[in-house]
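User: Please examine one part of this model closely, with the cut-offs behind each term.

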Amino acid sequence: MKIIALGSPGVGKGTYAAEITKKYNVLSISTGDLFRENIKNETELGKKAKEIIDSGKLVPDEVTIGMMKERLGREDTPNGFILDGFPRTIPQAEALSEFSEIDLVLNFKADKEVIMQRLTGRRTCSNCAAIFHVVNIPPKQEGVCDKCGGKLVQRSDELPEVIEERLKVYEEQTAPLIGYYQEKGLLKEVTVNEDFGKHKEEILDRIFKVIES
Ligand code: ADP
Ligand code: ZN
């Protein structure tokens, strides 16, 4: 099963992708996590990406495409994958079609106010990248990751001005992918406005039904 998770920043793609991974035993690949890993390890790629990410803009297509081509070319994806954050532009989608087949594109939707609330309250584990939310998905102990005990932080691209820029970039460069995949007959939509912490089973049931329909 080869799935793309589409949707605005803050819609919850990463959270749902982690659940889809558990249920179907597919590999979740997040471009944002790959970039942040490279930044943490101070690689050449990380050096190129850091400033761009902190400004809310997109890393250049050739850099992102090269990284994903390499990642998908490795042998550790026998059951397929879910891509979280790739493709994010039409040229990325066209490049992807040359190195991988895709079975399904899930377009996650939520109201604007819901998205803003999710983005400003998000906390990420500085060690394992697990995602929490101060209100919707609180960790058992404040500031500490449930999974690995790592420190939870607010990402540097989650400042209000940067969030604004990311939403603008999404509308301009990523939203056109919805029509692109609709035309190919691959798109299915899932709307999630509820709080994940309180409605987890119901939300997952909805997502899994759409995947299996
Ligand atoms: P979110 O889904 O909340 O926007 P991500 O972790 O997916 O967060 O992405 C964080 C940042 O990483 C983006 O704002 C962008 O700068 C960069 N990035 C992630 N994926 C891509 C991509 N496919 N192409 C270009 N830049 C990307
Ligand atoms: Zn952790």
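Analyst: Helix H2 contributes five residues to the lining of the second largest pocket, the most of any element. The model is predicted: local features require pLDDT of at least 70 and side-chain atom pairs pLDDT 80 or more, while totals for chains, interfaces and linings use all residues. Residues are numbered from 1 along each chain as written, chains are lettered from A and ligands numbered from 1 in written order, and side-chain values use heavy atoms, without hydrogens or water.

In all, 20 residues line this pocket (an open set of 1 Å grid points where a 1.4 Å probe fits, with protein on both sides within 12 Å along at least five of seven lines; lining residues have an atom within 4 Å of a point). Nearest its centre lie Arg36, Glu37, Lys40, Ser126 and Arg155. Two or more lining residues come from each of helix H2 (31-40), helix H3 (44-55) and strand E5 (122-125) (DSSP runs of at least four residues for helices, at least two for strands).

As for the metal site, Cys125, Cys128, Cys145 and Cys148 each offer SG to the zinc ion (ligand 2) at 2.3 to 2.4 Å (donors are N, O or S atoms within 2.8 Å, or 3.2 Å for Na, K and Ca). These donor residues follow the spacing C-x2-C-x16-C-x2-C. The angles among the four donor atoms are 100 to 115 degrees, and the site is tetrahedral (all angles between 85 and 135 degrees). Cys125 is buried at 4% relative accessibility (under 20%; exposed is over 50%, with a 1.4 Å probe and protein chains only), whereas Cys128, at 36%, is partly exposed.

Methods: Four donors count as tetrahedral if all angles lie between 85 and 135 degrees; four count as square planar and six as octahedral if opposite donors are over 155 degrees apart and all others between 65 and 115; anything else is irregular.
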